[in-house]
Amino acid sequence: MADLKVNVIDHPLIQHKLTIMRKENTGTKDFRELLEEISMLMAYEITRSMPLKEVEIKTPVTTCKSKTLTGKKLAVVPILRAGLGMLGGIVNLIPTAKVGHIGLYRDPETLKPVEYYCKLPSDVGERTLVVVDPMLATGGSSAAALTMLKEKGAKSIILMCLVAAPEGVKVVNDEHPDVEIYTASLDECLNDHGYIVPGLGDAGDRIFGTK
Ligand code: PRP
Ligand code: URA
């Protein structure tokens with residue numbers, strides 16, 4: 001698929017951990033821990049260009065100029081429920097980030113997203129929102145979540161997913177060209193059930209052990 005706009009974070013640690021997650025025999029505990037670790041590593045990468053300002057501080061030895069984060073504050077917005085698996089790793093790294101929740105599930109028959117919950121920080125328009133969901137498949141859930149957030153006043157949004165299908169990237173690119181997408185892998189395609197190939201199966205079921 002030509003001209004997809006997506007950032008693949010190909011750090012060796014992320015790729016190694018993702019390989020273990022993909023294996024069908026990897027159990028819930030390991031799957032959950034690996035997702036949390038990868039989310040932290042991905043957050044480290046996507047915050048690489050966050051702006052800094054110089055401040056004057058006093059160390060035990062002297063005063064000096066040193067750098068501190070500036071610019072828009074972050075909020076992390078997991079798409080329920082599988083997105084919750086990516087939250088802990090990010091807030092461990094960025095403990096001041098606020099957290100919003102969006103409840104969406106994909107109807108297994110129509111593959112269309114169904115909304116059931118939305119609770120966001122009140123200053124949503126002043127923050128950069130990092131929307132997290134491990135799977136970007138048809139793109140229906142992520143695109144709907146991004147639309148919901150914009151309707152609530154969001155102006156600056158990043159989408160972070162673990163595995164993306166080209167079909168889903170195209171939908172988000174077309175419907176939300178302003179949203180930068182980060183993923184650990186751009187996989188091959190979707191199968192007839194809307195699952196990512198090779199993918200890792202049903203992320204929510206693997207995180208929460210509900211298979
Ligand atoms: C999964 C996944 C995404 C969505 C991706 O959630 O976590 O939210 O499917 O598919 P799409 O790109 O085709 O919309 P699911 O609907 O299985 O709900 P869950 O997180 O509650 O398990
Ligand atoms: N949702 C998942 O959890 N996995 C897929 O492959 C597609 C949608």
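Which residues lie nearest the centre of the second largest pocket? I looked this up first and found Met50, Leu69, Leu74, Ile94 and Thr96, out of 14 lining residues. I am working with a predicted model, in which local features need pLDDT of at least 70, side-chain atom pairs count only at pLDDT 80 or more, and totals for chains, interfaces and linings use all residues. I number residues from 1 along each chain as its sequence is written, letter chains from A and number ligands from 1 in the order in which they are written, and use heavy atoms for side-chain values, with hydrogens and water left out.

**Entry on the pockets**

I took a pocket to be an open set of points, on a 1 Å grid over the protein atoms alone, where a 1.4 Å probe fits and protein lies on both sides within 12 Å along at least five of seven lines; a lining residue has an atom within 4 Å of a point. For volumes I used the space filled by probe spheres set on the points, with grid points joined across faces, edges and corners.

The second largest pocket has a volume of about 250 Å³, and its lining comprises 7 nonpolar, 4 polar and 3 charged residues. Here Ala, Val, Leu, Ile, Met, Phe, Trp, Tyr, Cys and Pro count as nonpolar, Asp, Glu, Lys and Arg as charged, and the others, Gly among them, as polar.

For the largest pocket I noted about 600 Å³ of space. It is lined by 28 residues, of which Tyr105, Arg106, Met135, Ser141 and Asp202 are the closest to its centre. By class, this lining has 14 nonpolar, 10 polar and 4 charged residues. Strand E4 (73-80), E6, E9, H4 and helix H6 (203-208) each give at least two residues to the lining; helices (H or I, at least four residues) and strands (E, at least two) are DSSP runs numbered from the N terminus.

**Entry on ligand 1**

I next asked what occupies the largest pocket, and found that ligand 1 takes up this space, a molecule being counted as sitting in a pocket if more than half of its atoms lie within 2 Å of its grid points. Around ligand 1 there are 14 residues, with Arg106, Asp133, Thr138, Gly139 and Ser141 coming nearest; a residue is near a molecule if one of its heavy atoms lies within 4 Å of it. Strand E6 (101-106), strand E9 (135-136) and helix H4 (140-151) each contribute at least two residues to this shell, which divides into 6 nonpolar, 5 polar and 3 charged residues.

I then looked at polar contacts (pairs of N or O atoms within 3.5 Å). Oxygen atoms of ligand 1 lie 2.7 Å from a backbone N or O atom of Arg106, 2.9 Å from one of Ala82 and 3.0 Å from one of Arg81. On its own ligand 1 has 500 Å² of accessible area, of which the protein covers 90%, as computed by the Shrake-Rupley method with a 1.4 Å probe.

I also checked the backbone at Arg81, where a cis peptide bond joins Leu80 and Arg81 with omega of about 0°; Arg81 is in the loop between E4 and helix H3 (87-93).

**Entry on ligand 2**

Ligand 2 also sits in the largest pocket. Around ligand 2 I listed Arg106, Met135, Ala137, Gly194, Tyr195, Ile196, Gly201, Asp202 and Ala203, a shell of 5 nonpolar, 2 polar and 2 charged residues. A backbone N or O atom lies 2.8 Å from an oxygen atom of ligand 2 at Ile196 and at Ala203, while at Gly201 such an atom lies 2.8 Å from a nitrogen atom of the ligand. Taken alone, ligand 2 exposes 240 Å², and the protein buries 88% of that.

**Entry on other backbone features**

I found a cis peptide bond from Val197 to Pro198, with omega near 0°, and placed Pro198 in the loop between strand E13 (196-197) and H6. Leu111, a residue other than glycine, has a positive phi near 65°, and lies in the loop between E6 and strand E7 (113-119).

Terms used: Polar contact = N/O pair within 3.5 Å; in protein donor to acceptor, adjacent residues only side chain to side chain.
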